[in-house]
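Colleague: I am new to this structure and would like to learn how to read it. Could we go through a few features together?

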Amino acid sequence: MELFSRKIIAYRVSTQNNISLTVNTFKDAYESRGRPRGLTFHSDQGTNYTAEEYRSLLWELRVKQSFSKRGTPYDNSAVEGFFSNMKQDDLNSRELEFFDDLTNVISEYVRYYNG
């Protein structure tokens, strides 16, 4: 999520929450914004964001990394709110049989959200 516009600028759906997912999603966002300079990336202190591979990528791209305080979701409330609303408004009311169904529902929700 880009905080100024509050729009989702990149996302991926995967069966595994791993460093590859995080790195590739960041690369998508970075490219979609035209490789901006002076960028700060804010996240929680999850293992994907503190992993050496991810931190090295940010260092190579000269992106400053900012972290929320441990156990303080309010520091990243825009993103936390987005996920909460997506689950409450859409995902929790559906029974999805296949992974592709989940991917399609998320894509539809992001298009709706970004308006």
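Colleague: Let's begin with salt bridges. How many salt bridges are there?

Modeller: Keep in mind that this is a predicted model. To count a salt bridge, look for a side-chain nitrogen of Lys or Arg within 4 Å of a carboxyl oxygen of Asp or Glu. By this rule there are 4 salt bridges. One of them joins Arg33 and Glu2, with 3.8 Å from N to O.

Colleague: Which parts of the chain does the pair of Arg33 and Glu2 tie together?

Modeller: Arg33 sits in the loop between helix 1 (19–32) and strand 1, while Glu2 belongs to the segment before helix 1, so the salt bridge links parts 31 residues apart in sequence. Arg33 is partly exposed at 41% relative accessibility, and Glu2 is partly exposed too, at 21%.

Colleague: Where do Asp28 and Arg12 lie?

Modeller: Asp28 is in helix 1 and Arg12 in the segment before helix 1, so this pair connects parts 16 residues apart in sequence. Their closest N and O atoms are 2.8 Å apart, in a salt bridge. Asp28 has a relative accessible area of 29% and is partly exposed; Arg12, with 40%, is partly exposed as well.

Colleague: And the salt bridge of Asp90 with Arg94: is Asp90 buried or exposed?

Modeller: The cut-off to use is that buried means under 20% relative accessible area. Asp90 has 12%, so Asp90 is buried. Its partner Arg94 is partly exposed, at 36%. The closest N and O atoms of Asp90 and Arg94 are 2.7 Å apart.

Colleague: Now to the interior. What should I look for there?

Modeller: In soluble globular proteins, nonpolar side chains tend to be buried together. Here the largest nonpolar core has 8 residues: Ile8, Phe82, Met86, Leu91, Val105, Ile106, Tyr109 and Val110. Helix 4 (77–89) and helix 5 (99–114) each contribute at least two residues to this core, and helix 5 gives the largest share, with 4 residues. There is also a second, separate core of 7 residues, including Val23, Tyr54, Leu57 and Leu58.

Colleague: What is Ile106 in contact with, beyond its neighbours within four places in sequence?

Modeller: Ile106 contacts Tyr11, Val13, Met86 and Leu91.

Colleague: How do I read a single helix, say helix 4?

Modeller: Start with its span. At 1.5 Å a residue, the 13 residues of helix 4 should span 18 Å, which agrees with the 17 Å between its end C-alpha atoms. Then find its buried residues, which are Ala78, Val79, Phe82 and Met86. Viewed down the axis of helix 4, they fall within an arc of 100°, so they line one face of the helix. These buried residues pack against helix 5.

Colleague: Where does Asp75 lie, and how accessible is Asp75?

Modeller: Asp75 is in the loop between strand 2 (64–67) and helix 4, and counts as partly exposed at 33% relative accessibility. Apart from neighbours within four places in sequence, Asp75 is in contact with His42, Ser68 and Lys69. The C-alpha atoms of Asp75 and Asp44 are separated by 8.3 Å, with their positions 31 residues apart along the chain.

Colleague: One last residue: is Ser43 buried or exposed?

Modeller: Ser43 counts as buried, at 2% relative accessibility. Ser43 is part of strand 1 (residues 40–43). Not counting residues up to four places away in sequence, Ser43 touches Tyr49, Ser66, Phe67, Ser68 and Asn76.

How values were computed: Residues numbered from 1 in each chain as written. Predicted model: local features only at pLDDT ≥ 70, side-chain atom pairs only at ≥ 80, totals over all residues. Heavy atoms only, no water. Core = buried A, V, L, I, M, F, W, Y, C linked by side-chain atoms within 4.5 Å. Buried < 20%, exposed > 50% of the residue type's maximum accessible area, 1.4 Å probe, protein only. Contact = heavy atoms within 4.5 Å. Expected span 1.5 Å × (residues − 1). Arc of directions from axis to C-beta.
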